[in-house]
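Visitor: I am new to this structure and would like a close look at a single part of it. Could you take me slowly through one region and what surrounds it?

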Amino acid sequence: MTSDRSADLVILGARIATMDPARSWASALAVRDGRIVAVGADSAIRPMTSPGTRVIQGRGRTVVPGFGDAHVHPVHAGQDQLRCDLHTTRSLPAYLEVIAAYAASHPDETWIRGGGWSMDDFVGGVPSRVDLDRVVPDRPALLSSRDGHTAWVNSRALELAGVTSRTPDPEDGRIDRDHAGEPVGGLQEGAIDLVERHMPATTRDELVEALRLGQAELHSLGITNWQDAIVEPHREEVSYVELAGRGELTARVVGALWWERSRGAEQIEELVERRSRTTSDRYRATSVKIMQDGVIENFTAGVLEPYLDRDGRPTDNRGLSQVDPEALKGYVTTLDSLGFQPHFHALAERAVREALDAVEAARRANGLSDTRPHIAHIQVIHPDDIPRFRELNVVANAQPLWAIQEGQMENLTIPFLGPERTTWQYPFRSLLKAGATLAMGSDWSVSTANPLLEMEVAVNRTTNAYGGNYPVFLPEQRIDLMDAIAGFTAGTAWVNHLEHELGSIEVGKTGDFTVIDRDLFDRGAGQIHDAKVVGTFIDGRPVYEDPALDA
Ligand SMILES: [Zn+2]
């Protein structure tokens, strides 16, 4: 064996789910110069080791291609970690305790900023400024909800922003009010900006540090590549350009440039300019994020038939179309013709249909391009629209963790959708059966970024990871573990146009793979979310290692 044939890194004795088109298995792999040079049986790979080769004993543990996340906000998540972080807290008294402690330990912060609270910890999903005033009376405070669609503000913040009973609701949002019309402390969607625009700008150092933290967390969960679902010029773009410039961006990232819905086609020229100016080896700004509706829990998601009220009677509210559906067709057609990938946010069935209609218009005008449009969240899909994902070549970008029947689903969703629409939620199996490509993601920091927990819900439609014992939610929509892994590997690689580089463990691809602490397919090994990532490799180099990897 000549030394130039020897590998830099070898794994032996593993259960490697290669996720190649045949979904074949192997026990060993070898990496040289950052690329996979062999995949197969131990006997074939062992001769490729030399004294300089790192050898990892698989010991029957599962190895998968490095996970991808098709919709994630790592800069935002990292920033929440740097500020008042409520993501791991539940209940109002607990939130107030964390906020009070943060305020006390940050006397020099002129604003108390942070987020991560959950709507179902508040009556009717609406937080109160009076509660917040008790712990932050002196300074303005703004804390975003876990899903980012609502802000909880105190009286000082409302005062500073001049928001009173006389302030009209903006077109794309709502100020929560009491019977007298006084703001109560919740700001929905576009109304958040009324206060947010008065906050001090985030510094460059904070933005870089936030991405560093976000990247480290994602690597520790086995994630090697992702699509950042909102890239704004003075925020995420700064983080990516800066970190890539310093050679510290280890992940491969596609940025989805934020579509400003208060503007029209005139912004496209800027998007083209930003794409060419910021794209590097690790970061490509090739996607455009269009937020078409809001969320169901505050009745801003776009529905075909009106939401019901608490007593099950129809209201006159059909939610929002953030972008006029006819204008959307034009924008998407132009973006597609310029090689941009449309990345839609669409929660409810009317918004999903508007996004599909826009892609259909683009297909008619431009033919079948390779831009791979995708629709994220897809909570409610009208059954008639399910085949259109395959017909129009639109990727279904799913956040499987949300398909559980917990408090938010039970109290803030099902009663207002009604029984029929309730069964149209998160139809992952139906989409797969209809031939759609599923790409999965977390929407972190809205939810945990742990793909193993997300897969558990995709497979079981329930989890006891949060202590609760939820009923299995729409069991007919459960999918196989192999399909769930594909959603986080081959599916995410496809949606990020990275399928020639990663997404499967095959000769010639980059050495991106993730080692899990057990055999995921062994039913005796516990629940999927009990499993942990012990090693994450990019280009054959570790970006995360647990001591258990070599133990
Ligand atoms: Zn998102």
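Guide: Let us begin at the metal site, where the zinc ion is coordinated by His71 through NE2, His73 through NE2 and Asp443 through OD, at 2.1 Å. Please keep in mind throughout that this is a predicted model. Along the chain, the donors of the zinc ion follow the spacing H-x1-H-x369-D, and the pair of histidine 71 and aspartate 443 links distant parts of the chain, 372 residues apart. Histidine 71 belongs to strand S8, whereas aspartate 443 sits in the loop between strand S21 (438-440) and helix H17 (451-460). Both histidine 71 and aspartate 443 are buried.

From histidine 71 we can follow its strand to the neighbouring one, for S8, which spans residues 67-72, is joined to strand S15 by 4 bridges, and S8 and S15 run parallel. Within this pairing, aspartate 69 stands opposite tryptophan 226 in S15. Strand S15 itself covers residues 223-231 and is mostly covered, with 9 of its 9 residues buried.

S15 also pairs with strand S16 (residues 252-258), to which it is joined by 5 bridges, and S15 and S16 too run parallel. Here asparagine 225 in S15 stands opposite arginine 252 in S16. Taken together with helix H8, which spans residues 236-245, S15 and S16 make a right-handed β-α-β unit.

The helix of this unit deserves a pause of its own. The buried residues of H8 are Glu236, Glu237, Val238, Ser239, Tyr240 and Leu243, and these residues pack against helix H2 (74-82), H7, S15, S16, helix H9 (268-278) and strand S17 (283-291). After H8 comes glycine 247, whose phi is positive, near 70°.

One of the elements that H8 packs against, helix H7, spans residues 204-220 and contains glutamine 215. Is this glutamine buried or exposed? Glutamine 215 counts as buried because its relative accessible area is 6%, which falls under the 20% limit used for that word. Its side chain reaches the backbone nitrogen of threonine 250 at 3.1 Å. Leaving aside residues up to four places away in sequence, glutamine 215 touches Trp226, Leu243, Glu248, Leu249, Thr250 and Ala251. Two names in that list of contacts have already come up on our path: Trp226 is the residue in S15 that stands opposite aspartate 69, and Leu243 is one of the buried residues of H8.

To place this region in a wider setting, we can turn to the nonpolar cores. In soluble globular proteins, nonpolar side chains tend to be buried together. In this model, the largest nonpolar core holds 88 residues, of which Ile375 and Phe389 touch the most other members, and helix H11 (residues 349-366) supplies the largest share of this core, 7 residues. Not counting residues up to four places away in sequence, isoleucine 375 touches a set of residues including Phe344, Val352, Leu356, Phe389 and Val394. Apart from this core lies another, of 17 residues, among them Leu86, Tyr95, Ile99 and Ala103.

Conventions
Residues are numbered from 1 along each chain as its sequence is written. This is a predicted model: local features need pLDDT of at least 70, side-chain atom pairs count only at pLDDT 80 or more; totals for chains, interfaces and linings use all residues. Side-chain values use heavy atoms; hydrogens and water are left out. Buried means under 20% relative accessible area, exposed over 50%, partly exposed in between (1.4 Å probe, protein chains only). Two strands pair if DSSP finds at least two bridges between them. A crossover is right-handed if, with the strands pointing away from the viewer, the path from the first strand over the helix to the second runs clockwise. A nonpolar core is a set of buried Ala, Val, Leu, Ile, Met, Phe, Trp, Tyr and Cys residues joined through side-chain atoms within 4.5 Å. Contact means heavy atoms within 4.5 Å. Donors are N, O and S atoms within 2.8 Å of the metal (3.2 Å for Na, K and Ca); water is not among the atoms, so sites may look incomplete. A polar contact is a pair of N or O atoms within 3.5 Å; within protein, one must be able to donate a hydrogen and the other to accept it, and residues adjacent in sequence count only if both atoms are side-chain atoms.
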